[in-house]
Structures are given as structure tokens and as C-alpha cells.
Amino acid sequence: MIVFSPTLPGNGKITGVFVSPDSHILAVASLFPLLTNPPGRAAYTGQRLRHRLALYHRGERRPFAAFDMLRLPINDISFHPHEPVIAIAAGSYDGGWFFEGELVAWNWSSDRSWPLAGGLPEIELCSFNVAGDRLDLLVRPWDEEWGNEESEEDPFDRLYPVNVAYEGAVGSIAVEIDPATWIARQTIDRQVSDQDRQSAMERQLANWFGTDRLVQRGAIWDVAWLDNGRLAAVHDLCLLEIHDLENGSVVCFSGEGYGARILRSSPPIVQIGPPASALGEAPRSRLQVLRDGRLAEFGAFEGVYTFVSSRDGRVLGRRDRHPAGVGQADVLIDICTGQARFADLGHYDCFNHHIGVDGAPDLYLLQGTPPTSHKKKRLCRVRPDGTVEDLWPLLPADGSHASHAMECIGCYVEDDAGRGIVVAGRHYHPDPRQGHHGFIYRKAIKRPGREIWRHTTTAAASAVVHVAPIGLVVAALLDGTILVLDAAAGTVVAKARAAVNGVATVIYAMDASDALLAVGTFDGCIAVIALDDLSADGGILELA
């Protein structure tokens with residue numbers, strides 16, 4: 001059941017809208033986010049879906065085809081005049097030196113794709129000629145200094161014409177760029193502000209789909225059941241919204257910043273992310289508490305913190321040591337009194353020390369060995385007096401790269417098999433192309449951490465929850481996989497790819513109530529799934 005959906009589910013931030021020459025097809029280019037919330041967490045491994053080109057017939061909000069295989073942002077496309085083929089021009093500046101690019105042809109009828117040219121910098125514009133046997137391109141320079149001998153123009157303002165022969169699906173063609181042929185951007189680029197461009201795209205989309213109002217939504221960063229009939233969610237456009245599933249009403253709380261996480265505390269506490277206007281300022285972390293239907297300020301701390309809560313009324317904030325700031329190390333907060341006390345619980349950075357066990361009887365954290373390190377990490381428990389109890393190593397310290405765990409997320413489990421912690425993460429590898437080997441396991445909390453079950457994964461996990469009433473553990477992976485396990489035995493109950501109306505998506509957030517699983521996706525959808533009637537048709541778990 002879909003609780004909320006944007007006008008066009010299955011799209012990230014819409015970056016381009018293109019109409020076919022015969023006006024029968026609309027192509028929508030979009031960019032999906034990375035999992036960087038709550039602040040103090042970063043998990044990227046396995047999320048291959050970053051850019052999508054979706055094709056629509058007029059008035060139909062479900063795309064009839066979608067292409068998800070690009071590495072780089074989509075800048076332009078061109079429809080072939082005679083074949084069901086689109087040339088996709090993509091690329092970006094790498095932030096330090098190079099302009100990376102790719103040029104791909106996609107046959108939407110057969111869903112086959114192939115590179116059209118090898119070794120190109122970022123491509124800004126592309127166009128098939130009338131005969132369809134040539135592509136005309138405008139590309140950026142190879143890097144910031146390439147072509148300087150021909151021009152003193154800023155490399156960001158220089159474009160170079162390139163022609164690529166099109167001979168069908170014959171593979172990549174080598175091309176050369178003549179540095180003397182540069183064109184000044186201002187001679188061809190009509191200066192349009194980002195706001196005007198966005199408004200024009202929204203009008204075009206609203207007209208195509210026959211709607212007065214185009215509703216867009218970024219990633220759902222967290223979802224949480226408030227009770228059996230009310231579901232809370234956070235995203236970039238508000239601090240908190242509450243959906244009443246019985247009457248369909250929505251209460252939205254707005255203010256400075258955005259909602260980044262909902263702590264499973266009593267009462268619920270919301271971590272507030274910084275507003276866009278705060279970019280470049282000293283980082284600051286805020287908490288607000290939901291009481292009597294209102295959000296009120298609960299605490300503010302200098303620095304970037306990530307927070308978890310425990311059932312005994314405590315909140316732990318771990319401060320990321322990397323961003324600039326003058327934070328006073330980690331913080332322990334009493335929810336009843338609001339009193340905060342600071343303590344140095346060891347080094348923390350967003351890739352190595354996040355564990356996210358929230359709503360458990362106790363507070364848990366990861367520490368390196370020694371605590372000032374990010375290596376040889378151990379699961380630890382924070383006692384009520386603030387001292388740290390060492391429990392067990394996250395992975396066996398055998399000296400290999402794989403013994404270094406990163407991008408972790410965990411949850412507390414208690415059932416007939418005892419009290420335990422489920423941990424999902426990935427094994428470090430120095431070669432990024434080999435760094436997609438992950439794990440999920442359950443261990444007993446009591447030392448030495450007896451392992452109850454374990455599985456390998458091919459992606460980091462975005463969220464892990466225990467569905468206690470029906471004895472399941474559910475993990476959402478960044479490659480779009482939903483993994484449902486028997487909590488006690490670890491056997492696989494179901495494994496499928498998440499989709500909305502048949503289009504692949506990635507779940508970023510989950511929470512369970514009885515046998516109901518609430519999920520939030522990276523393309524802005526909120527859905528509720530009945531896990532006691534779980535079915536995956538052809539390996540696809542349909543959320544709609």
C-alpha cells in the first residue's frame with residue numbers, strides 16, 4: 001500500500017525533460033541521492049542506481065521503459081530519427097581536475113545499450129543528424145589545462161565540437177578533439193537561471209501528465225510508527241510529517257532545516273539537519289521532541305552528531321571528528337530532564353563508526369582498538385553511568401583487509417534465541433571495484449558474542465529491523481534488495497528487488513509494527529507492506 005507518492009514515482013531529482021520529435025514520447029532524466037543521512041552516516045556501497053532516463057507516453061505516469069546503467073549525470077539526449085534508439089550524453093567535473101564523460105546508445109525496445117565513443121570528456125550537447133548516421137556533440141576540455149595554449153578562456157567556458165559516426169550497435173568508436181576548434185559558451189548558451197529552468201521543466205511535466213500541480217519529493221530519510229494508525233516520516237522538505245492511515249490526513253511540521261532521523265524514544269525525538277543556507281558555516285546539530293502534537297526544541301550542539309536512543313530514557317550523540325567545528329566530543333542526554341553531559345567515547349567518522357542501534361534496552365556504539373583508532377572495531381555498550389563496556393569484535397582481526405568493517409547498521413533482537421544484535425556492513429577493500437562484499441549476522445550480546453547465523457551480501461544495508469511478532473529480520477540493501485530472514489535461525493524467508501509500479505527503487509528507511517513494515521524510498525515514496533502475507537512475484541517486491 002502506497003501511503004505517499006510523488007507525481008512521478010521512480011524519479012530522483014529531475015534534471016532534464018526532453019520530447020521526441022514526433023511529440024509521442026517524453027524522456028525524463030533524474031539524479032538519485034546517496035545515503036548521507038542522518039548526519040554522521042555515509043553508506044554508498046552497492047548503490048549502482050544513481051541516474052535514470054525514464055520514457056513516458058502522454059498522460060501515463062508509469063514509464064514504459066527506463067534506463068539505469070549510467071555512471072555520470074545526464075546532460076542531454078537525442079532521439080534517433082528512424083530507430084527506437086536514444087543517444088545519451090553524460091558527464092561531470094570530478095571536482096579537482098578532469099571532465100569525465102560517457103556517450104551511450106540505448107534501444108528502449110530491446111533494452112540493449114552500448115557505448116558510442118570511447119574516451120570522451122564531459123558531453124554537454126548531442127544531436128543526431130537528419131539521416132541518423134552521425135552524432136554532433138559539444139564536449140568540455142579533457143581537464144582544466146587542456147587547450148590553454150589555444151585560448152586563455154576559462155576551461156569551464158570552452159566547448160569543442162565533435163562528430164561521431166553512428167552505425168548501429170557496432171560498439172565504441174575512437175574520436176579526437178581538436179583544441180583549435182573551441183567555442184565560447186556564451187555564444188551558444190542562452191543564459192537561464194536554475195530557478196527559471198526548473199520552473200519551465202515543471203510546467204512542461206504538468207502539461208504532459210495533465211495535472212495542475214507537480215508534486216516532487218526527495219529521499220525519505222526515515223519512517224517511524226507512532227502507533228498502529230499513525231506513521232511519521234522525515235525528508236528534505238519538512239521537519240516531520242505524520243500520516244494518519246485511517247483518515248488519510250497529513251500533519252506537516254516546517255521550520256529551519258529538515259528532518260534527518262526519528263529516534264525510537266518516548267516521546268519521539270527528531271534529529272534536524274542543517275538548512276541549505278548554512279553551507280560553509282560551523283556545523284551544528286539540533287534535536288526536537290514531539291510532545292502533545294507539537295515539535296519543540298530539545299537540544300543543540302556544536303559539531304556534526306549522529307544520535308541513537310535507548311528504552312531507559314537516554315540519548316547518545318556521537319560527534320564526527322572530521323568536519324570542522326568546536327564540539328565537546330560525544331554527548332549523553334537524559335530525555336526526562338534534558339540534562340546533557342559530555343564524554344570522549346573515542347574516535348568517530350561517518351564511514352567507520354556508525355552502527356545505529358536505536359530503541360534498544362541499552363545504548364550501543366562502535367570503538368576502534370585503541371578507541372582513538374578506526375581499526376579493529378568492537379561493539380560496546382554504554383552503561384547508565386557513561387562508562388563503556390567492551391562486548392566483542394565486529395569482525396575477526398585476522399590482519400586482512402576484509403577484517404575491517406565499514407558502513408554498518410544494526411538492530412536489537414530479543415526472542416527465544418536470546419538477546420542479540422544484528423549487524424550488516426561491508427568488508428573493506430583497497431580497490432574500490434572490489435569493495436562490494438558485505439555481510440549480515442546475528443550475535444548474542446553476552447561476551448564473547450556467540451554467532452547465531454551469518455550471510456554474505458553484495459551491498460551495504462540502508463536499514464535493518466526486527467519484526468518481533470512474527471520472528472523476522474528484514475534488511476534493505478543499497479542495490480535495491482529486500483532480504484527477509486528468520487530472526488532465530490537465519491534462514492532466508494524471501495529475497496527480492498523493491499519496485500514501485502514495476503520500476504526499481506531503493507529503500508532507505510524502515511520501521512515495523514506488529515506484522516506491518518513501513519518503508520521510505522530514495523525516490524520519495526512511503527509504503528506499508530504486510531509481512532505475514534509477503535509475496536515476491538518473479539523476484540520483485542511490489543510496494544504499490
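**Note on salt bridges and the Asp479 site**

1. Arg134 is partly exposed, at 35% relative accessible area. The model is predicted. Arg134 pairs with Asp136 in a salt bridge, and their closest N and O atoms lie 2.7 Å apart. Asp136 is also classed as partly exposed, because its relative accessibility is 27% and the partly exposed band runs from 20% to 50%.

2. How many salt bridges does the model hold? The count is 23. The points here take up a few of them, then turn to one aspartate.

3. Glu122 and Arg140 form a salt bridge through their side chains, with an N to O distance of 2.9 Å. This pair ties together distant parts of the chain, 18 residues apart. Glu122 sits in the loop between strand E9 (112-118) and strand E10 (123-128). Arg140 sits in the loop between strand E11 (134-139) and strand E12 (158-165).

4. Are Glu122 and Arg140 buried or exposed? Glu122 is buried, because its relative accessibility is 6% and the cut-off for buried is under 20%. Arg140 is buried too, with a relative accessible area of 12%.

5. Arg419 and Asp362 make a salt bridge between their side chains, at 3.5 Å from N to O. Here too the pair links distant parts of the chain, with the two positions 57 residues apart. Arg419 belongs to strand E31 (residues 418-427). Asp362 lies in the loop between strand E26 (340-343) and strand E27 (363-367).

6. The accessibility of this second pair is mixed. Arg419 is partly exposed, at 35% relative accessible area. Asp362 is buried, at 17%. Which residues are joined into one network by salt bridges that share partners? They are Glu122, Glu124, Arg140 and Arg185.

7. Where is Asp479? Asp479 is placed in the loop between strand E35 (472-477) and strand E36 (481-486). Asp479 has a relative accessible area of 10%, so the residue counts as buried.

8. What does Asp479 touch? The side chains of Asp479 and Thr458 are joined by a polar contact of 3.3 Å. With neighbours within four places in sequence set aside, the contacts of Asp479 are Gly46, Arg48, Thr458, Ala459 and Arg497. Thr458 therefore appears both in the polar contact and in the contact list, for which the cut-off is heavy atoms within 4.5 Å.

Key:
Residues are numbered from 1 along each chain as its sequence is written. This is a predicted model: local features need pLDDT of at least 70, side-chain atom pairs count only at pLDDT 80 or more; totals for chains, interfaces and linings use all residues. Side-chain values use heavy atoms; hydrogens and water are left out. A salt bridge is a side-chain nitrogen of Lys or Arg within 4 Å of a carboxyl oxygen of Asp or Glu. Helices (H or I, at least four residues) and strands (E, at least two) are DSSP runs, numbered from the N terminus. Buried means under 20% relative accessible area, exposed over 50%, partly exposed in between (1.4 Å probe, protein chains only). A polar contact is a pair of N or O atoms within 3.5 Å; within protein, one must be able to donate a hydrogen and the other to accept it, and residues adjacent in sequence count only if both atoms are side-chain atoms.
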